[in-house]
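Subject: Structure handover

Hi,

Here is the structure I promised to pass on to you. Please have a look at it first, and then read on for what turned up in it.

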Amino acid sequence: MFSALSDSLDKTFRNLRGVGKISEKNITDALREIRLALLEADVEFGVAKEFIAKVKEKAMGVDVFKSIKPGEQIVKIFNDELTHLLGDDAEALNLNPPAHILLCGLNGAGKTTTAAKLALRLQKEGRRPLLIACDLYRPAAIDQLATLAKQINVPCFTPDPDEKNLVKVAKQALAWAKDQQGTALIFDTAGRQEIDEKLVAELKELHRFVSPAETLLVADSATGQQAVSVARHFDEAVGITGIILTKLDGDARGGAALSMRQVTGRPIKFIGEGEKLDQFGVFHPERMASRILGMGDVVSMVETAAENINEKDAIKAAERIQSGKFDFNDFLDQMNMLRKLGPLDGLLGMLPGFNKIKKQIPADAFDENKMKRMEAIVLSMTPRERTRPELIKGSRRRRIANGSGNTIIEVNRFLKQFTQMRKMMKSKGKMKNMMQQLGGMEGMEGMGDMNSLLGGKGGGKLPKLPF
Ligand SMILES: Nc1nc2c(ncn2[C@@H]2O[C@H](COP(=O)(O)OP(=O)(O)OP(=O)(O)O)[C@@H](O)[C@H]2O)c(=O)[nH]1
Ligand SMILES: [Mg+2]
């Protein structure tokens with residue numbers, strides 16, 4: 001997501017910094033490039049135009065060409081305006097009782113998944129969410145929601161599959177919800193195409209009956225230009241109170257995300273970033289702006305880590321690493337910890353500068369199958385071998401290869417990588433350097449080592465970040 005846009009912006013800003021003295025023409029040229037980049041990313045035409053006009057006005061207003069670091073100043077103006085475009089501050093849900101939340105959106109946008117994700121989130125906050133299946137069109141829709149609800153242990157209202165009257169279903173659901181003593185009711189509705197007047201009429205009727213405090217439009221961030229008209233359409237029909245953007249983990253160009261707020265005037269409240277139910281979070285405009293500008297989103301990364309990793313385990317692992325005792329058992333523990341964080345490239349994508357080095361990392365570096373193969377190798381070792389990696393020589397390697405279904409070449413490669421990793425961990429200087437780099441958000445030279453760890457082409461120096 002956003003990678004093409006981030007690359008173009010980076011190039012433009014780099015050029016701008018490269019010129020010794022900045023002129024009005026330099027700025028105009030740069031803004032033209034940025035406008036093109038926004039349009040190519042599928043940002044709605046009017047939104048892009050207005051945005052550029054604002055950045056220009058501000059840039060001229062502060063006389064950037066007279067300042068000492070004009071390039072930096074423009075980046076700052078751009079960042080501020082982007083944050084503004086995305087909505088400035090994160091907006092909370094209205095959960096005053098009766099907290100009825102109605103989800104609507106196009107076919108396949110991710111409504112049902114999002115209903116469960118939202119329920120899980122509210123549950124973690126100590127509320128008692130209830131899920132209500134109001135998709136009476138797709139035969140498997142009710143079961144889909146019920147299955148997800150079961151996974152997260154949230155009660156789910158499932159209507160009689162033969163019942164086709166939506167308001168009747170809602171009525172039954174409200175009566176059921178009373179007994180359940182829920183504190184937030186999430187209604188999953190049927191997907192629709194915007195031209196489908198019948199479905200829209202039904203949605204309106206349901207909306208009137210349920211009278212939700214929140215009507216959230218679930219929108220696939222890959223929808224592109226069409227997203228804007230979809231949002232308008234739903235807003236006119238039922239009046240949306242917010243937007244949930246899904247599939248931000250994909251390679252969509254991101255224009256929808258950038259246009260939605262401006263065009264509808266409704267806040268983006270949450271984002272979905274994967275198929276797993278915990279891959280969901282509050283939308284923070286300033287963090288998203290930083291991500292788009294390639295400055296990373298370290299705050300979200302730390303939050304994800306804090307939610308999923310037990311502090312004691314993390315401290316224990318850090319101690320093992322520092323003392324140079326890191327063995328294959330620790331390796332397995334680390335692998336399990338990583339898994340809890342979700343897909344690795346999504347997580348690393350929040351690091352400043354990651355998009356730039358991503359191309360140097362082999363495509364299969366984040367592959368779950370590769371991780372499984374490595375795990376199989378470790379699991380084929382004896383307990384003694386796991387604690388003393390140096391024991392693993394010739395015939396042992398062959399046995400491990402046979403036991404784990406790998407070739408001896410693969411086992412050798414893995415052992416070599418492990419040895420390198422261990423060496424790197426032992427060298428405290430490097431480790432410290434890496435932590436400083438990550439914390440300081442300045443250069444990313446330390447990532448060179450991480451790169452070689454992931455199987456990249458040697459830990460070469462990486463370009464210093466422009467910010
Ligand atoms: N990668 C990714 N996939 C997602 C995300 N959200 C939903 N999906 C997937 O998108 C597909 C459609 O999701 P659903 O939740 O069934 O969408 P829906 O809007 O309820 O679909 P209909 O009820 O048919 O209109 C499923 O395969 C989901 O797993 C996301 O944030 N990231
Ligand atoms: Mg659905």
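A quick definition before the ligand: a polar contact here is a pair of N or O atoms within 3.5 Å. Please also keep in mind that this is a predicted model.

**The ligand site**

With that cut-off in hand, the backbone of G274 comes into the picture: one of its polar atoms is 3.2 Å from an oxygen atom of ligand 1. Taken alone, ligand 1 exposes 660 Å², and the protein buries 81% of that. Two side chains also make polar contacts. In K111, an N or O atom of the side chain is 2.7 Å from an oxygen atom of ligand 1. In D249, a polar side-chain atom lies 2.7 Å from a nitrogen atom of the ligand.

In total, 19 residues surround ligand 1, and the closest are G110, K111, T112, T113 and D249. By character, this shell divides into 9 polar, 8 charged and 2 nonpolar residues. Which element gives the most to the shell? That is helix 5, residues 111-124, with 4 residues.

G274 also falls in a stretch with an annotation. In an unreviewed entry, UniProt lists residues 267-280 for "domain: SRP54-type proteins GTP-binding". Over those residues the chain is 43% strand and 0% helix, and the C-alpha atoms at the two ends are 16 Å apart.

**The sheet**

The strands form an open sheet of 8, in the order 3-2-4-1-5-6-7-8, with mixed pairing. Strand 3 (156-157) and strand 8 (280-282) stand at its edges with a single partner strand each, so one side of each has no neighbour in the sheet.

Strand 2 is a good place to start looking. Its residues, 129-134, pair with strand 4 (residues 184-189) in the parallel sense over 6 bridges. Two of the matched positions are easy to find: L131 has I186 as its bridge partner in strand 4, and C134 has T189. Strand 2 also pairs with strand 3, again in the parallel sense, over 2 bridges. There, L131 stands opposite C156, so you can use L131 as a marker for both pairings. Is strand 2 buried or exposed? 6 of its 6 residues are buried, so strand 2 is largely enclosed by the rest of the structure. Both of its faces are covered, with P129, L131 and A133 buried on one side and L130, I132 and C134 buried on the other.

Strand 5 holds D220. At 18% relative accessibility, D220 counts as buried, because the cut-off for that is under 20%. The C-alpha atoms of D220 and G250 are separated by 9.9 Å, and the two residues are 30 apart along the chain.

**Two covered helices**

Helix 10, residues 255-264, is mostly covered, with 8 of its 10 residues buried. The buried ones are G255, A256, A257, L258, S259, M260, V263 and T264. Just after helix 10 comes G265, with a positive phi of about 75°.

Helix 11, residues 285-292, is mostly covered too: 7 of its 8 residues are buried. They are P285, R287, M288, A289, S290, R291 and I292. Both R287 and R291 are in that list, if you would like to look at charged side chains there.

**Backbone details to check by eye**

A few backbone angles may interest you before you set anything up.

- The peptide bond from P97 to P98 is cis, with omega near -5°. P98 is found in the loop between helix 4 (70-86) and strand 1 (100-104).
- Q181 has a phi near 50°, which is a positive value in a residue other than glycine. Q181 lies in the loop between helix 7 (166-180) and strand 4, and at 63% relative accessibility Q181 counts as exposed.
- S211, also a residue other than glycine, has a positive phi near 40°. The loop that holds S211 runs between helix 8 (197-210) and strand 5 (214-220).

Happy to talk any of this through once you have had a look.

Best wishes

How values were computed. Residues are numbered from 1 along each chain as its sequence is written. Chains are lettered from A and ligands numbered from 1 in the order in which they are written. This is a predicted model: local features need pLDDT of at least 70, side-chain atom pairs count only at pLDDT 80 or more; totals for chains, interfaces and linings use all residues. Side-chain values use heavy atoms; hydrogens and water are left out. UniProt positions are given in the numbering used here, feature names are shortened, and annotations may be inferred rather than shown by experiment. A residue is near a molecule or strand if one of its heavy atoms lies within 4 Å of it. A polar contact is a pair of N or O atoms within 3.5 Å; within protein, one must be able to donate a hydrogen and the other to accept it, and residues adjacent in sequence count only if both atoms are side-chain atoms. Accessible areas come from the Shrake-Rupley method with a 1.4 Å probe; for residues, only the protein chains shown count as cover. Two strands pair if DSSP finds at least two bridges between them. Buried means under 20% relative accessible area, exposed over 50%, partly exposed in between (1.4 Å probe, protein chains only).
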